[in-house]
Amino acid sequence: MNRNHRLASAHLAVAIAAFAVASCLGVLQALSIAGIELPEWSEELFYLSVTAHGVLMALVFTTFFIMGLGYVLARESLGRVVGERAGWLGFVLAVGGSVAAATVILQGKATVIYTFYPPLQAHPAFYIGATILVVGSWIWGGVLLASYRSWRREHPQDPVPLPVHGMITTVIVWYLATAGLAAEVVGMLIPWSLGLIETVDPVVARTFFWWFGHPLTYFWLIPAYVLWYTVLPQVAGGRLFSDPLGRMVFVLFILFSTPVGFHHQFVDPGIEAGWKLAHTFSTYAILYPSLVTAFTIVASLEVAGRLKGARGLFDWIAKLPWKDPFFSAVTLAMLTFTVGGFGGAINAAYAMNAMVHNTAWIQGHFHLTVGTTVALSFMGATYWLLPRLTGRELRPMALARFQPYLWILGMLLFSGSNHVAGLMGLPRRIYDVTYFGAEQAQSWIPLTKIAAAGAVLLFFSAFAFVFVVAATVLAGRRSEAPAFEFARPLEPVGDRGIWDRFGLWTVVAAVLVVIAYGYPLFHLLSQQRFGSPGFSPF
Ligand code: HAS
Ligand code: CU
């Protein structure tokens with residue numbers, strides 16, 4: 001194990017362990033929805049599993065992976081991680097918080113799904129554990145910022161290396177996002193679950209949740225973009241088409257990730273239509289950096305193909321290294337995002353949202369976005385990182401090559417059928433899709449079976465991924481660790497420019513958050529409020 005990267009490796013190990021457990025739960029849920037009898041299964045276990053799967057995948061796997069990746073990139077492109085001891089403290093806190101939350105979930109005392117909407121109420125250890133996980137991640141953010149500052153003092157005029165530009169963006173988005181979460185969890189849910197206050201206001205809590213919940217999705221996505229911009233063109237044998245475009249994209253995420261949360265609350269009463277429209281506009285603004293990314297990355301790949309001798313319109317695609325598991329995983333993840341992102345634009349349109357909200361379409365959408373675009377990018381990143389961190393070759397290579405394709409096939413079936421079933425009215429998060437024999441429900445049932453077949457393939461793909469990780473770490477052939485190389489841009493970058501002014505952009509972003517949430521929250525709170533006591537159905 002590379003001694004410089006112990007802290008990062010510890011984070012990545014926790015991420016992959018969480019992913020392994022959550023993958024097993026995922027396939028059970030899909031089989032259950034398809035009406036397949038599982039031994040000892042019940043409604044209670046189903047919802048427990050949905051909660052554990054969501055929390056472990058969306059909150060634990062992603063956060064730990066991103067933290068690990070951040071440390072690797074800081075060390076390799078800035079040559080330092082400042083405050084490594086604090087980093088270990090953050091790690092211990094994050095593990096402790098996750099274990100506390102996972103324990104009460106598995107005991108059936110926190111069956112509140114990963115969005116933990118009140119009035120569903122969990123055991124206090126769930127909310128406190130989640131808070132401690134976030135505190136751990138704040139320390140990680142502080143370590144990255146300290147490393148950046150230390151580098152900046154030595155290089156006042158240089159543009160920060162792009163991988164770290166992206167990770168600093170991630171940290172800023174995370175701080176802005178988790179302010180909303182802290183208000184909800186510390187200000188409302190923890191005192192409520194401890195019995196210090198009797199009731200909680202669901203609409204206010206949901207509003208704080210989505211202040212956090214949407215930028216959370218970009219907290220997952222930006223590190224994947226970092227890999228696409230800074231590693232993928234290098235692995236493909238090309239150049240990054242434009243470095244400043246990458247910086248602009250990251251800065252736009254700082255600005256527009258947060259003031260968009262009402263697109264999750266179109267059907268919530270109590271929020272004025274005008275504000276829902278305002279958040280719709282900012283949602284469409286946040287499509288722009290992804291469209292720029294699509295252009296820049298495809299152009300970078302074309303450069304790679306042309307450097308390898310392609311001359312025709314599309315023959316550069318065949319010249320790309322499709323057998324490299326990092327390359328295929330990440331490129332398939334990107335291709336998936338063309339569909340998943342398009343679905344996002346549909347969700348963001350008020351009228352169309354009414355058709356898909358709370359249906360299986362949504363689980364189709366987020367298994368394409370976070371479940372493939374992000375997760376498959378991270379799996380690919382693991383194939384890139386492992387030989388560099390362990391000094392061992394991937395083993396078995398054939399399985400690593402095959403795994404991303406199996407994931408895509410499984411996801412095509414799983415997510416495709418969920419999208420269609422959602423349009424036909426299948427609600428999300430339900431235990432019994434027969435609806436006690438309702439006629440409309442008949443049309444959903446074949447689709448749930450296709451989804452289950454997809455989920456089985458996804459399970460095998462996840463298993464293959466975890467197997468490759470374990471086999472490589474334990475028994476991979478030792479060889480000299482390849483260097484961490486990042487893509488060079490086509491044109492050299494000049495001096496530090498406007499896109500490196502993180503302080504300025506954070507202030508602008510904070511102002512946008514205050515505009516987007518200040519008045520709506522003031523308006524909500526100035527009306528007479530009615531709270532709800534807690535419910536736990538199981
Ligand atoms: Fe979403 C719901 C809108 C992106 C995750 N989203 C969710 C939920 C999750 C989630 C988890 O407006 C469910 C929450 C819940 O439990 O209730 N989403 C959007 C929009 C975008 C978007 C506008 N979502 C994401 C990402 C996620 C994510 C990213 C996770 C990582 N989403 C919504 C809305 C809802 C929603 C509503 C609420 C629905 C409801 O009613 O509940 C945009 O950011 C998407 C922009 C993306 C693009 C695509 C660009 C394409 C690229 C790939 C190019 C590469 C190529 C490869 C072409 C415009 C960059 C070339 C390869 C070669 C070989 C040539
Ligand atoms: Cu959103």
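In this predicted model, begin by selecting the contact between two helices, where Ala58, Leu59, Thr62, Thr63, Ile66, Leu69 and Leu73 of α2 meet Leu216, Phe219, Trp220, Pro223, Val226 and Leu227 of α6. Coloured by class, this contact of α2 with α6 shows 11 nonpolar and 2 polar residues, with no charged residues.

Next, show the two helices in full, taking residues 43-78 for α2 and residues 202-230 for α6, and look at their axes, which come within 10 Å and cross at roughly 40 degrees. Because of that angle, α2 is oblique to α6, and the crossing of the two helices is left-handed.

Now move to ligand 1 and select the 37 residues around it, of which Tyr218, Asn353, His357, His365 and Arg428 come nearest. Three polar approaches to the ligand can be picked out in turn. A polar side-chain atom of histidine 357 lies 2.5 Å from an oxygen atom of ligand 1, while a polar side-chain atom of histidine 365 lies 3.0 Å from a nitrogen atom of ligand 1. At alanine 348, it is a backbone N or O atom that lies 3.1 Å from an oxygen atom of the ligand.

With these contacts displayed, colour the elements that give two or more residues to the shell around ligand 1, namely α6, α9 (273-307), α11 (325-347) and α13 (360-390). Of these, α11 is the one to highlight, since it gives the most to the shell, with 9 residues. Finally, recolour the whole shell around ligand 1 by class, which brings out 22 nonpolar, 14 polar and 1 charged residues.

Definitions and conventions:
Residues numbered from 1 in each chain as written. Chains lettered and ligands numbered in written order. Predicted model: local features only at pLDDT ≥ 70, side-chain atom pairs only at ≥ 80, totals over all residues. Heavy atoms only, no water. Axes fitted to C-alpha atoms, helices over the stretch in contact; angles between N-to-C directions. Helix = DSSP H or I, 4+ residues; strand = E, 2+ residues; numbered from the N terminus. Parallel < 35°, antiparallel > 145°, perpendicular 65-115°, else oblique. Left-handed = near helix turned anticlockwise from the far one by under 90°. Contact = heavy atoms within 4.5 Å. Nonpolar A, V, L, I, M, F, W, Y, C, P; charged D, E, K, R; others polar. Near = heavy atom within 4 Å. Polar contact = N/O pair within 3.5 Å; in protein donor to acceptor, adjacent residues only side chain to side chain.
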